[in-house]
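Student: I keep meeting words like "buried" and "oblique" in structure descriptions. Could we go through one model and ask what earns each label?

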Amino acid sequence: MTDPGIGAPDSLGLTGPFPGATGLGLPGSDAADRGAPSLGRSLTVDAGDLVIDERTGGPAEVEGLAALAQALVLAVETQLGSDRINTRFGFDRLAVGRYALGVHARKGYIKMELVRCLSADRRVTDVREVFFQDDPRYFELRPALDGAARQRIVDATRSSRDYTVFALVETVAGDTLTLESGGRLE
């Protein structure tokens with residue numbers, strides 16, 4: 001006697017794992033999905049609250065690149081060690097203000113911590129770049145800005161100490177995702 005396996009025709013003529021079902025409905029189970037890595041599916045959240053789908057009245061879902069972006073933002077917004085089940089999950093923002101370091105050292109720490117936090121997700125293959133709004137790389141990616149506009153951005157950022165950081169992330173699906181986060185660097 002041979003085991004037909006899940007999804008294979010068996011002696012009863014069923015083609016799916018359950019009568020009347022052609023697949024489990026999981027990413028990668030349909031022919032169109034085979035071979036393409038999934039970036040996942042999740043419930044949509046807005047500022048930590050579940051979003052209700054107006055069409056169905058149930059919780060709204062997000063999938064693909066948007067699901068990964070939502071998960072990475074959640075990881076960055078969660079303080080490292082605050083998750084009782086996974087104490088290595090999150091971003092250690094408290095350590096930035098713990099030591100009397102200069103702005104350059106704090107920015108370096110934030111870059112390293114972002115790489116650690118973002119690359120912990122298995123859907124991320126590489127954190128390509130991390131740069132701040134007043135870094136030369138930010139202006140390389142915006143060649144339309146003239147010198148005066150660049151200087152205004154740098155001066156405003158440094159005087160307010162409100163910094164915006166950008167991270168370019170490569171996914172297992174081959175997509176590139178740009179994340180933006182900000183806060184005071186004190």
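Tutor: Sure, and keep in mind that this model is predicted. Let's begin with Arg123, which is found in the loop between α2 and β5.

Student: Which residues is Arg123 in contact with, leaving aside its neighbours within four places in sequence?

Tutor: Arg123 is in contact with Ser38, Leu39, Gly40, Ala67, Leu68, Ala71, Glu170, Thr171 and Val172. As for Glu170, it sits 47 residues from Arg123 along the chain, and their C-alpha atoms are separated by 8.7 Å.

Student: What makes those pairs count as contacts?

Tutor: The cut-off is heavy atoms within 4.5 Å. That test is about heavy atoms of the two residues, while the 8.7 Å for Arg123 and Glu170 is between C-alpha atoms.

Student: Next up is Val124. Why is Val124 called buried or exposed?

Tutor: Val124 lies in strand β5, residues 124-132. Its relative accessible area is 9%, and buried means under 20%, so Val124 is buried.

Student: What does Val124 touch, not counting residues up to four places away in sequence?

Tutor: Val124 touches Leu68, Leu72, Leu118, Ser119, Val169 and Glu170. Val124 also has Thr171 at 4.5 Å, C-alpha to C-alpha, though the two are 47 residues apart in sequence.

Student: And how far apart in space are Thr176 and Val124?

Tutor: They are 9.6 Å apart, C-alpha to C-alpha, with their positions 52 residues apart in sequence. Thr176 lies in strand β7, residues 176-184. Setting aside neighbours within four places in sequence, Thr176 is in contact with Leu168 and Val169.

Student: Now the helices. How do you know that the length of α1 agrees with what a helix should span?

Tutor: Helix α1 covers residues 65-77, which is 13 residues. At 1.5 Å a residue the helix should span 18 Å, and its end C-alpha atoms are 18 Å apart, so the two agree.

Student: Which residues of α1 are buried?

Tutor: In α1 the buried ones are Ala67, Leu68, Ala69, Gln70, Leu72, Ala75 and Val76.

Student: Why are α1 and α2 called oblique to each other?

Tutor: Their axes cross at roughly 130° and come within 9 Å, with α2 being residues 103-119. Over 145 degrees would count as roughly antiparallel, and 65 to 115 as roughly perpendicular. The angle of roughly 130° fits neither range, so α1 and α2 are oblique to each other. The crossing is right-handed.

Student: Which residues meet there?

Tutor: From α1 come Leu72, Ala75 and Val76, and they meet Leu114, Cys117 and Leu118 in α2. That contact is made of six nonpolar residues, with no polar and no charged ones.

Student: What about Glu113: is it buried or exposed?

Tutor: Glu113 lies in helix α2. Its relative accessible area is 7%, set against the under 20% cut-off, so Glu113 is buried. Not counting residues up to four places away in sequence, Glu113 touches Leu80, Gly90, Phe91 and Asp92.

Student: How do you know whether Thr164 is buried or exposed?

Tutor: Thr164 has a relative accessible area of 16%; that is under 20%, so Thr164 is buried. Thr164 lies in strand β6, residues 162-171. Among the residues Thr164 touches are Phe131, Phe132 and Glu180.

Student: I have two alanines left. What makes Ala47 and Ala60 buried or exposed?

Tutor: Ala47 has a relative accessible area of 77%, and exposed means over 50%, so Ala47 is exposed. Ala60 has 12% relative accessibility, so Ala60 counts as buried. Ala47 is in the loop between β2 and β3, while Ala60 is in the loop between β3 and β4.

Student: What makes the phi of Ala47 worth pointing out?

Tutor: Most residues other than glycine have a negative phi. Ala47 has a phi near 55°, a positive value in a residue other than glycine.

Student: And which residues is Ala60 in contact with?

Tutor: Leaving aside neighbours within four places in sequence, Ala60 is in contact with Ser42, Leu43, Thr44, Val51, Ile52 and Asp53.

Student: Last one: how many helices and strands does the protein chain have?

Tutor: The protein chain has four helices and seven strands. Of its 186 residues, 28% are buried.

Key:
Residues are numbered from 1 along each chain as its sequence is written. This is a predicted model: local features need pLDDT of at least 70, side-chain atom pairs count only at pLDDT 80 or more; totals for chains, interfaces and linings use all residues. Side-chain values use heavy atoms; hydrogens and water are left out. Helices (H or I, at least four residues) and strands (E, at least two) are DSSP runs, numbered from the N terminus. The expected span of a helix is 1.5 Å times one less than its number of residues. Buried means under 20% relative accessible area, exposed over 50%, partly exposed in between (1.4 Å probe, protein chains only). Axes are lines fitted to C-alpha atoms, for helices over the stretch in contact, and angles run from 0 to 180 degrees between N-to-C directions. Angles under 35 degrees count as roughly parallel, over 145 as roughly antiparallel, 65 to 115 as roughly perpendicular and the rest as oblique. A crossing is left-handed if the near helix is turned anticlockwise from the far one by less than a right angle, and right-handed if clockwise. Ala, Val, Leu, Ile, Met, Phe, Trp, Tyr, Cys and Pro count as nonpolar, Asp, Glu, Lys and Arg as charged, and the others, Gly among them, as polar.
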